[in-house]
Amino acid sequence: MADVSGTTTPPPAAKLLPVAVLLWLSGVYLRIPVLVAPPLAPFISDELSLSQALTGALTTLPILMLAVGSMPGSLAIARMGPRNTLALAMVIMVIGSAGRGLSPDTITLMLASAVMGLGVAMMQPSLPALLPRWLEPRHLAIGSAIYMNGMLMGEFIGAGITLPVLMPLMDDSWRATLLAWSLPALLVAAALFLPRREMARPVKKPAWLPDWKNPLTLRIGLLLGLSGSLFFGLNAYMGNILEQQGNFDMLADALFWYNFAQVIASLVMLKMARYWVGLKGPIMVMATCSILGTVGTVVFTGWWSIASATFMSFTAGILLILLVALPPVLVESRETGRLSAGNFLVGYTVAFSVPMIGGLLADWGNDARYAIIFIIAYCALVLPLTFTLNLNRVGGGVTSPVLSHHRAYGSVPRRFMVGSEAESSYPASLPETDGRIPS
């Protein structure tokens, strides 16, 4: 193991700010290309004469690609490194997203949507894998919170600004609106090469296929599926639930607060990430609260139902950030992309499949609540995983970044205090390196 006995002064804020801005902008483009589709869907459908199923596929197809494309992303990280992969993925995303705006027919539109989804899917594991290359271990948690804040802000921006702000500026053209959202990402992709930290490719080519022997691959993935199923599922069936309650006129307000709650969650995590990331307790609490909020959405009616859904959205947003932030602080730098890709493969497969099966049950029973109840059943089934997560696991005997960032901020979890041998093996701080976790 490398000598880590020395101390060092962290990089000044002036050097960290450009990295933070790039991480945030990259996070924004994880969601804007996907969630700009619902507000534009009526205009696209009218011009290209799409069926209801194809109109829905404008959103669901990219979500499915988030699962399918995680493995190409992991392979690219192993061969090219996370920075190059992220830049390539953003270019692919722009090609697909702008291609949707230029599509002359339905087939081209669906192909472009799949390409865009592939690009976004490759971006997802690239960002966690890039954090250890750009940031010290003590900054990994806040780095995760920054790009996840960008992602959740992207959800709100894409859904809330497109129609009232951007489309009127584009002469009410859905094609020009898609291009306006897409093309600036090329500038972000180019700017990724400005930070001069860890420019070289890895010395050894890491493995890229998910390590199914690592229990974190499946467990974190299934819990990501819990968060995604609740958010995407309730988002999809909110209108049906309110219509069934006789409150369909409340849908616009319900969706606003539902999506805004995730923005608030991301802002909370900017403050609390350094204290909560890597701890099992917050994961358990947020997963439990998310399920309870969803139950309230089905049990209550009117504003109480909407308040329950908003509470679920808030807690599910925090849970998502807590889970996505785990790979960079639990495994070595070269393993981060692999673990993240496996988590996203499992998580988005579940997040796509569970609400879909719930929808089939709702059609069969002619009751939208059946869809939500099925999602709740899945979440209750995997909730015990939050109690058995082993967050002490660190590959290859590497000093735990979880302990490093908690020690840096004076919030060392009690589990690290037990055992003098374990405690004495960790230094008070780590020296600045080339961005890799010492091995």
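Here's a quick tour of the pockets, surface spots, loops and salt bridges in this structure. Keep in mind that you're looking at a predicted model. The largest pocket holds about 1,600 Å³ of space, and a search of the whole structure also turns up five cavities of 30 Å³ or more. The salt bridge count comes to three.

**The largest pocket**

- Start with the space itself: the largest pocket has about 1,600 Å³ of it, and 44 residues make up the lining.
- To find the middle of this pocket, look for Pro 38, Thr 59, Asn 235, Ala 236 and Tyr 237, the lining residues that lie nearest its centre.
- Several helices chip in two or more residues each to the lining of the largest pocket: α3 (37-48), α4 (52-68), α8 (140-160), α9 (162-169), α12 (215-245), α13 (251-276) and α17 (333-365).
- Which element gives the most to this lining? That's α12, with ten residues.
- Sorted by class, the lining of the largest pocket has 27 nonpolar residues, 14 polar ones and three charged ones.

**The largest cavity**

- Now for the closed spaces: there are five cavities of 30 Å³ or more in the whole structure, and the largest cavity has about 140 Å³ of space.
- The largest cavity is lined by 16 residues, and the ones nearest its centre are Ser 227, Gly 228, Phe 232, Leu 320 and Tyr 348.
- Two or more lining residues come from each of α12, α15 (302-324) and α17.
- You've met α12 already, as the top contributor to the largest pocket; α12 also supplies the largest share of the lining of the largest cavity, five residues.
- The cavity lining splits into nine nonpolar, five polar and two charged residues.

**A nonpolar patch on the surface**

- Over on the surface, Val 91, Ile 95, Val 115, Leu 183 and Leu 186 form a nonpolar patch.
- Together, the five have about 390 Å² of accessible area.
- Take Leu 186 as one member to track down: you'll find it in helix α11 (residues 185-191).
- Is Leu 186 buried, partly exposed or exposed? Its relative accessible area is 39%, so it counts as partly exposed.

**Helix α5 and what follows**

- Helix α5 covers residues 70-80, and its buried residues include Ser 70, Met 71, Gly 73 and Ser 74.
- Ala 76, Ile 77 and Ala 78 in α5 are buried as well.
- Here's a handy bit of background for looking at helices: an α-helix has 3.6 residues a turn, so residues three or four places apart point the same way.
- Right after α5 comes Gly 81, with a positive phi near 95 degrees.

**Two loop residues with positive phi**

- Asp 172 isn't a glycine, yet its phi is positive, near 55 degrees.
- Where does Asp 172 sit? It's in the loop between α9 and α10 (174-182), and with 57% relative accessibility it counts as exposed.
- Asn 366 is another residue other than glycine with a positive phi, near 55 degrees.
- Look for Asn 366 in the loop between α17 and α18 (369-382); at 71% relative accessibility, Asn 366 is exposed.

**Salt bridges**

- Arg 31 and Glu 155 pair up through their side chains, with 3.3 Å from N to O.
- That pair joins distant parts of the chain, 124 residues apart: Arg 31 is in the loop between α1 (13-28) and α2 (32-35), while Glu 155 is in helix α8.
- Are these partners buried or exposed? Arg 31 is buried at 2% relative accessibility, and Glu 155 is buried too, at 2%.
- Glu 47 and Arg 175 make another salt bridge, with their closest N and O atoms 2.9 Å apart.
- This pair also links distant parts of the chain, with Glu 47 in helix α3 and Arg 175 in helix α10, 128 residues apart.
- Glu 47 is partly exposed, at 47% relative accessibility.
- Arg 369 bridges to Asp 367, and the closest N and O atoms there are 2.9 Å apart.
- In that pair, Arg 369 is partly exposed at 38%, whereas Asp 367 is buried at 10%.

Notes: Residues numbered from 1 in each chain as written. Predicted model: local features only at pLDDT ≥ 70, side-chain atom pairs only at ≥ 80, totals over all residues. Heavy atoms only, no water. 1 Å grid on protein atoms, 1.4 Å probe; cavity = no way out; pocket = protein on both sides within 12 Å on 5 of 7 lines; lining within 4 Å. Points joined across faces, edges and corners; volume = space filled by probe spheres on them. Helix = DSSP H or I, 4+ residues; strand = E, 2+ residues; numbered from the N terminus. Nonpolar A, V, L, I, M, F, W, Y, C, P; charged D, E, K, R; others polar. Patch = residues over 30% accessible without salt bridge, like charges linked within 9 Å, V, L, I, M, F, W, Y side chains within 5 Å. Areas by Shrake-Rupley, 256 points an atom, 1.4 Å probe, with all protein chains shown as cover. Salt bridge = Lys/Arg side-chain N within 4 Å of Asp/Glu carboxyl O. Buried < 20%, exposed > 50% of the residue type's maximum accessible area, 1.4 Å probe, protein only.
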